[in-house]
Amino acid sequence: MLHGNPVHSGAPPSAAAAAFHPLMSVLRSPRTLPRRVLLTSAGLIVSLLAGGWIHGPQSTFDTHGPVARAQLEVFYVTLWVTGVIFVIVAGALTYATLKFKARTEADEHAEPPPQSHGNPLVELSLIVASVAALVVIAVPTLRAIWYTYDVPEEDKPNAYQINAMGFQWWFRFQYPSEEVESQGIKGKLTLANELVIPVGRPVRINLRTYDVIHSFWVPKLAGKVDMIPNRANHLWLLAEKPGYYWGQCAEYCGESHAVMRFRVVALEENEFKAWVEAQKRPAREATGQQADFATYDTTPKVRNTAGWSSGFDANPLENWKKQQEIPAQEDVALIAKGRQLFQEKTCISCHAVRGHFDGGNPSAPDLTHVGSRTTIAGGLLETNAANVHRWITDPNGVKPGNKMFVGLPLGGSTMPGYMLFDYEKGTLTPHIQVNDAEGRALTAYLLSLK
Ligand code: CUA
């Protein structure tokens, strides 16, 4: 039985406690260092495997396209070559340590065994072996660098072009071949956080940044390539089968870097075309049958509370497709109220909703079809009423420092967000405030934008 808590009482751990925690007793004893190392390594490996490291949504071992596979193959070649070197060196070291260990007092003063230092055959062999190891690694590495750099020449005419731009802290995706027009304003189809691509077709992604250095990475498809100010970078990828893939900014870019995510959705060509046509249309008018908006919990959440459900993850592609469907019933009156608030709260000075509120600012996500995306807040939260409400009523609690909260610098002045920054006084004062009822109306409006 365990009497009291040895940590809190200050008493040394009793025998019973040691028996109760065999692992702890092993870890505490200085004589069991090798066992400690073994146990820690085993624990790490088990937790990595159990944590879905190999098959998780961002696993580089579970490749779904030729670019990611080429990168994985380079990793394996390097792993095998260095693994063999490790076994040879560690084996020789272990052999020498055990064989020539001083066992008696006489051994301590014995002549050293014959030395091979300076032996030309040994030295030359080591040089040749090192060069051979480097060549074995270099050949596939150079080939992979060449291959992953750009779409193969013969596939270039078939490649689909995307312009991706990093912002603190979200990704904007523009489809340069898809024209949109609203109230006489022409532009390119521009979306946020979800990159939808056709399956089996090379996609060339032109990488730019609006502010600092970001990095574009879809572990199962390709990456990482940096988005660097004043530099035109690119990468290409190809998804071999339909799927829903996780992406992540892979370069530290500020306080919310860790939650700067995105998704890649790969669709069959006909589904892709239908999706493009739907996205090119201006924002829809809510016309569903009148229904009361579903109730949901709006109690404030602790910062960093997860915004993702395991139900969604069970089949993300099917759930993404469901997200495209227009609901048969919707709360038309509440949606109209939300649309009015979207203007009154000055959301329109940054966000475009084509057909409802044209213009906007290119440095804020286009919300024309935000309700059809499965994620909001830079891929951080699953799109549902509770999460949209949480995001628009407490943006800083969801994603610290985001520009919707602190505002955007704009040519010497600022475009205020939820806070207004006074450059003279250096103070922040509240500018946009959204109460619970307003949050519900805005949520209903945003979710109606399919
Ligand atoms: Cu963008 Cu890290």
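Start by selecting Glu-277: this residue is partly exposed, with a relative accessible area of 43%. Keep in mind as you click around that you're looking at a predicted model. Now add Lys-280 to the selection. Its side chain meets that of Glu-277 in a salt bridge, at 3.7 Å from N to O. Lys-280 counts as partly exposed too, at 22% relative accessibility; the cut-off for buried is under 20%. Both residues sit in helix H8, 3 residues apart, which is about one turn of the helix.

**Stop 2: what helix H8 lies across**

Color the whole of helix H8, residues 269-280. What does helix H8 lie across? Select strand S1 (160-167), then S2 and S3, and you have the answer: the helix lies across these strands, running at about 80° to S2.

Those strands belong to an open sheet of 5 strands. Trace the order S3-S2-S1-S5-S8, and note that the pairing is mixed. Which strands stand at the edges? They are S3 (185-192) and S8 (233-237); each has a single partner strand, so one side of each is left without a neighbour in the sheet. Look along the sheet and you can follow its twist, which averages 35° from one strand to the next.

Quick background: strands of a sheet pair through backbone hydrogen bonds, either parallel or antiparallel. For an antiparallel case, zoom in on S2 (residues 170-182) and S3, which are joined by 8 bridges. To see one pairing, pick Phe-173 and then its bridge partner in S3, Leu-191.

**Stop 3: a hairpin**

Next, select S6 (residues 214-218) and S7 (residues 222-227). These two strands form a hairpin, with 3 residues between them. They pair in the antiparallel sense over 5 bridges. One bridge to click on links Val-218 with Ala-222 in S7.

Is strand S6 enclosed or open? Here 5 of the 5 residues are buried, so S6 is largely enclosed by the rest of the structure. Show the side chains and check both faces: His-214, Phe-216 and Val-218 are buried on one side, and Ser-215 and Trp-217 are buried on the other.

**Stop 4: out to the surface**

Time for a contrast. Jump to Leu-124, which you'll find in helix H7 (residues 120-149). Leu-124 is exposed, with a relative accessible area of 54%; over 50% is what it takes to count as exposed. Now add Ile-127, Val-131, Val-135 and Val-139. Together with Leu-124 they make a nonpolar surface patch of about 450 Å². Turn on the surface and color these residues to pick out the patch.

**Stop 5: charged pairs around helix H15**

Head to helix H15, residues 436-448. Select Asp-436 and Arg-440, whose side chains meet in a salt bridge at 3.0 Å, N to O. Both lie in H15, 4 residues apart, about one turn of the helix. Asp-436 is partly exposed, with a relative accessible area of 35%, and Arg-440 also counts as partly exposed, at 24%.

Then pick Glu-438 and Lys-345, which meet in a salt bridge at 3.1 Å, N to O. This pair links distant parts of the chain, 93 residues apart: Glu-438 is in H15, while Lys-345 is in the loop between helix H11 (332-344) and strand S13 (375-376). Lys-345 counts as buried, at 16% relative accessibility.

How many salt bridges are there in the whole structure? A search finds 15.

**Stop 6: a helix tucked inside**

Stay with H15 and bring in helix H12, residues 385-393. In H12, 7 of the 9 residues are buried, so this helix is largely enclosed by the rest of the structure. Among the buried ones are Trp-391, Ile-392, His-389 and Arg-390. What covers them? The cover over the buried residues of H12 includes H15, along with S13, strand S14 (381-382), helix H13 (395-398) and helix H14 (403-406).

**Last stop: zoom out**

Show the full chain as a cartoon. The secondary structure comes to 15 helices and 18 strands. Of the 450 residues, 42% count as buried. Switch to the surface view: the chain exposes about 25,000 Å², and carbon and sulfur atoms supply 62% of that area. Finally, among contacts between residues at least 6 apart in sequence, 65% join residues at least 24 apart.

How values were computed:
Residues numbered from 1 in each chain as written. Predicted model: local features only at pLDDT ≥ 70, side-chain atom pairs only at ≥ 80, totals over all residues. Heavy atoms only, no water. Pairing = 2+ DSSP bridges. Axes fitted to C-alpha atoms, helices over the stretch in contact; angles between N-to-C directions. Contact = heavy atoms within 4.5 Å. Buried < 20%, exposed > 50% of the residue type's maximum accessible area, 1.4 Å probe, protein only. Patch = residues over 30% accessible without salt bridge, like charges linked within 9 Å, V, L, I, M, F, W, Y side chains within 5 Å. Areas by Shrake-Rupley, 256 points an atom, 1.4 Å probe, with all protein chains shown as cover. Salt bridge = Lys/Arg side-chain N within 4 Å of Asp/Glu carboxyl O.
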